Structure formats: structure tokens, C-alpha cells
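I opened the file today to go through one helix, the sheet, a metal site and a loop residue. My notes follow in the order I looked things up.

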Amino acid sequence: MEDIVLSAFSVFFIQSPSFLAYQKTMKNANGMSNAETLFTIEKIPSDNHIRDILDNVHPELLFPVFDMIFEMLKKNGYLNSFRGINRNLLIALDGTQCFSSEKIHCKNCSVTHHRDGTTTYHHSVITPVIVTPGKKHAISLCPEFITPQDGHEKQDSEIATAKRWICKYAGKYVAKQTTILGDDLYSRQPFCEELLELGFHFILVCKQTSHKTLYKWVNLVESIGNLHVFTIKVLNGRKTEIHTYRYANKLPIRDTDDALMVNWCELTIRNEGGEILYKNAFITDHIITAENVTSIVRSGRARWKIENENNNTLKTKGYNLEHNYGHGDDHLSTVLVTLNILAFLIHTLMEFIDEKYRLLRDSLPTRKTFFDDIRALTRYMCFGSWDDMMDFMLKGLEIEMPPNQR
Ligand SMILES: [Zn+2]
């Protein structure tokens with residue numbers, strides 16, 4: 001079992017669909033391969049064997065590894081720099097589609113029947129990540145898969161899945177002072193109430209089109225002169241930007257007697273010519289003041305990273321979601337996605353804790369170059385350990401380690 005999981009993981013970690021085939025060839029020629037030395041795989045299983053076995057493995061069995069890494073980061077103080085408003089951890093929730101086909105499907109596919117008679121099978125997943133303003137890294141937490149029972153509309157199913165996630169993990173994260181970030185889909189009363197009941201804080205995108213009552217109140221408050229507004233000039237490179245903040249506390253989220261009262265803020269960025277470069281608004285349960293409104297908006301804006309850094313990287317930067325193992329009948333598809341996210345998390349972890357890895361990543365121009373090199377090196381050479389491989393790369397690139405790290 002260990003060989004099977006490690007083998008599938010190695011493909012995502014090296015980002016090479018052919019990694020196992022190359023290592024088999026190497027083993028036959030030299031009696032040893034990187035599968036053994038780098039991944040401690042004793043015997044490389046066939047793709048069919050991996051597929052058959054992993055199809056029966058529920059992805060939740062891998063979740064403790066995510067928790068282990070979170071605890072490791074926390075224990076070593078790496079999370080201290082990952083704090084936003086009121087020293088809160090910021091966890092961004094976002095759904096992303098990780099599989100879509102008109103033919104291939106399994107028991108756990110969500111199904112959409114189109115008007116023209118065609119059918120699409122798909123899998124989507126919520127990928128929670130810890131983000132923080134001004135940091136490029138996002139730390140992946142346990143994913144939650146959207147199941148066919150979650151709802152027929154995209155929004156319903158994503159919210160149902162997000163609710164499941166916050167209920168499951170409240171015990172773990174609430175005590176650590178956590179603010180949940182999400183897009184406009186999440187800024188509805190039932191979800192906000194659930195977050196508050198569980199003890200989470202929130203900063204959620206709040207669009208005018210979906211919050212007509214709240215914006216009526218914003219206008220009303222403005223008309224009687226009670227809306228807080230201030231403007232600052234910010235130097236962005238050589239250009240000056242005009243940042244206008246507007247905010248008000250305790251506005252009803254919707255048009256009902258039992259409406260939840262929320263705090264609202266908005267940032268508009270203009271260039272010196274007055275042209276709007278950026279505009280976004282958020283609701284939050286944190287009381288907004290002149291002192292903290294910029295921090296709240298900065299925390300809220302950190303959410304974009306889940307799309308840019310996380311989901312985009314997983315989809316386009318070499319983490320071949322799905323790979324050639326195929327889809328399976330039961331869990332294969334979701335187990336592979338989980339292993340893939342785990343590979344991404346461990347790459348992030350290595351940038352924190354492994355000086356050699358960080359030096360190499362910083363020295364090579366792109367993520368792609370780094371993995372192209374690893375793919376080529378592991379195809380032709382057998383390294384005794386990760387450390388040996390990184391030493392070899394550092395030497396070849398003539399990079400000196402700082403004295404205390406040698
Ligand atoms: Zn499926």
C-alpha cells in the first residue's frame with residue numbers, strides 16, 4: 001500500500017507523468033533508481049495496479065498528512081507571519097472544478113444534463129488555503145469534495161460543501177483566531193450566521209447586485225452624512241494612486257426582520273486622471289474603524305491568491321490534475337487530486353524549511369525550469385538522497401550556501 005501511494009505521489013511531486021516508467025528502466029539497467037532513493041518505494045507497481053488499488057481508497061485517509069504539516073508549520077513559528085486583521089489567521093475558501101468530461105464518469109461524479117440532450121460529468125473541490133497580505137505563499141489545508149448530493153445549482157453545492165468544511169474544522173481553527181475569506185457567493189446570511197455560531201470571523205466580498213438592501217442602507221447613511229469616507233495617496237512604483245475608503249458599521253445584510261447586522265467597507269483605487277483601476281467591497285463582523293479599515297481590506301483582498309497562486313498553479317503550472325491513471329469507478333479521481341494538492345503543499349513547505357530548495361527555486365527563473373531540470377536529472381542519474389540532488393544542482397549553478405547552512 002505504501003509503495004502504491006508513494007508511487008502515485010511521486011508523479012505529482014516530480015511533476016512528470018513518466019517518472020515511474022523512467023525509474024523502472026533505470027532500475028533494470030543499474031539495479032537502483034530514484035524511486036527507491038528519493039521516495040523509499042521498494043517495488044514500483046504498474047499503473048494498472050496503482051489505479052485498481054487507489055480507486056478503493058477514500059481521500060480522507062490522506063487528510064492527517066495535511067494536519068501534520070499544519071502543526072509542523074505552527075510549531076516552528078512559520079504561521080506567525082501569516083496573520084492578518086487582529087492577528088487572525090486568514091483562511092480563504094473557494095471552489096474549483098478539477099475534472100470535466102462528456103463521457104468518462106464514476107459513481108461520485110456530479111452530473112449536469114444540458115438542454116440539448118448532452119451530459120457533462122464533473123468533479124469540483126473546495127481548496128481552503130491560509131493566505132496573508134503581502135506574502136506569495138498559500139498554505140493548503142484539507143480539501144473538501146463537492147458531492148452529487150450537495151445541490152443542483154453550482155452555488156448551492158459550493159456553499160453546502162463549504163458549510164461541511166467549516167463544521168468539520170471549527171474545532172481546529174477557531175481557537176487560533178481565524179477569519180474566513182470568500183467571494184460574493186459566501187456573503188449570504190445563512191453562511192455568515194453559521195460562521196459566527198462556530199466562532200469564526202469573516203471578510204467576504206459583497207457585490208451591490210446581490211445585496212440590494214445593504215446598499216440601500218449605504219446610500220441612506222451617506223445621504224445623512226454618516227458614511228465614513230477618507231482618501232489616501234499611495235505610491236505604486238512611479239505612479240500615484242488615489243485610494244478611497246468608505247465604510248459603515250451595523251447594516252442589515254438582507255431585507256428581513258431577522259437580518260444579520262454586518263459591517264461594510266469599500267475600496268476604490270483611481271489613477272491621477274480619475275480612472276478607476278480597482279473597486280471592491282466587503283462585509284465583515286470585525287468592527288471597522290478609521291485605524292483598521294485598510295487592514296480589513298488588505299486581508300479581504302488576500303483572497304485573490306487562492307485563485308492566482310493556488311488553483312491556477314494546480315491547474316496550469318505542471319500539477320497535472322488527473323494524470324494518465326484515469327478516472328476510476330469510485331475514489332481514484334479524488335485521491336489523485338488530493339495527492340496533487342499534497343505535492344503542492346509539500347513544495348510550499350520546502351520553501352519555508354529547506355534552505356537549499358529555496359535557493360534553487362530563487363535562482364532558477366521559473367517553476368517550470370526548476371521541474372524541467374528535476375525531470376531530466378532524475379531520468380538520467382540516480383541520487384542517493386534529496387540532499388545529494390540539491391547539492392549537485394547548487395554546485396552546477398555555482399550557488400554558494402550561506403556559511404551556517406553548509
Ligand atoms: Zn467521477
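I started with what covers the buried residues of helix H8, and found that the cover includes strand S11 (239–252), strand S12 (261–271) and S13. The model is a predicted one. The buried residues of H8 are Thr213, Leu214, Tyr215, Val218 and Val221. I recalled that an α-helix has 3.6 residues a turn, so residues three or four places apart point the same way. I then checked the length of H8, residues 212–223. Its twelve residues should span 16 Å at 1.5 Å a residue, and the end C-alpha atoms are 16 Å apart, so the two agree. After H8 comes Gly225, and its phi is positive, near 80°.

Next I traced the sheet. It is open and has nine strands, in the order S6-S5-S1-S8-S9-S13-S12-S11-S10, with mixed pairing. Its edges are strand S6 (139–140) and strand S10 (228–236), each of which pairs on one side only. At the S6 end I looked at the neighbour, strand S5 (residues 129–131), which pairs with S6 in the antiparallel sense over two bridges. Ile130 has Ile139 in S6 as its bridge partner. I also noted helix H7 (residues 189–198), which lies across strands S8 (178–182), S9 (201–205) and S13 (276–284). H7 runs at about 160° to S9.

Then the metal. Which protein atoms are the donors of the zinc ion? I listed Cys106 (SG), Cys109 (SG), His123 (NE2) and His327 (NE2), lying 2.0 to 2.3 Å from the ion. The angles among the four donor atoms are 103 to 127°, and the site is tetrahedral. For reference, the ideal angle for four tetrahedral donors is 109.5 degrees. Along the chain the donors follow the spacing C-x2-C-x13-H-x203-H. The two histidines link distant parts of the chain, 204 residues apart: His123 is in strand S4 (residues 119–126), and His327 is in the loop between helix H10 (304–316) and helix H11 (332–353). Are these histidines buried or exposed? His123 has 2% relative accessibility, so it counts as buried. His327, at 6%, also counts as buried.

Last, I looked up Thr40, which sits in the loop between helix H3 (34–39) and helix H4 (47–54). Thr40 has a relative accessible area of 53% and is therefore exposed. Leaving aside neighbours within four places in sequence, Thr40 is in contact with Asp3, Leu6 and Ala35. I also noted Phe13, 27 residues from Thr40 along the chain, with 14 Å between their C-alpha atoms.

Definitions and conventions
Residues are numbered from 1 along each chain as its sequence is written. This is a predicted model: local features need pLDDT of at least 70, side-chain atom pairs count only at pLDDT 80 or more; totals for chains, interfaces and linings use all residues. Side-chain values use heavy atoms; hydrogens and water are left out. Donors are N, O and S atoms within 2.8 Å of the metal (3.2 Å for Na, K and Ca); water is not among the atoms, so sites may look incomplete. Four donors count as tetrahedral if all angles lie between 85 and 135 degrees; four count as square planar and six as octahedral if opposite donors are over 155 degrees apart and all others between 65 and 115; anything else is irregular. Helices (H or I, at least four residues) and strands (E, at least two) are DSSP runs, numbered from the N terminus. Buried means under 20% relative accessible area, exposed over 50%, partly exposed in between (1.4 Å probe, protein chains only). Two strands pair if DSSP finds at least two bridges between them. Contact means heavy atoms within 4.5 Å. Axes are lines fitted to C-alpha atoms, for helices over the stretch in contact, and angles run from 0 to 180 degrees between N-to-C directions. The expected span of a helix is 1.5 Å times one less than its number of residues.
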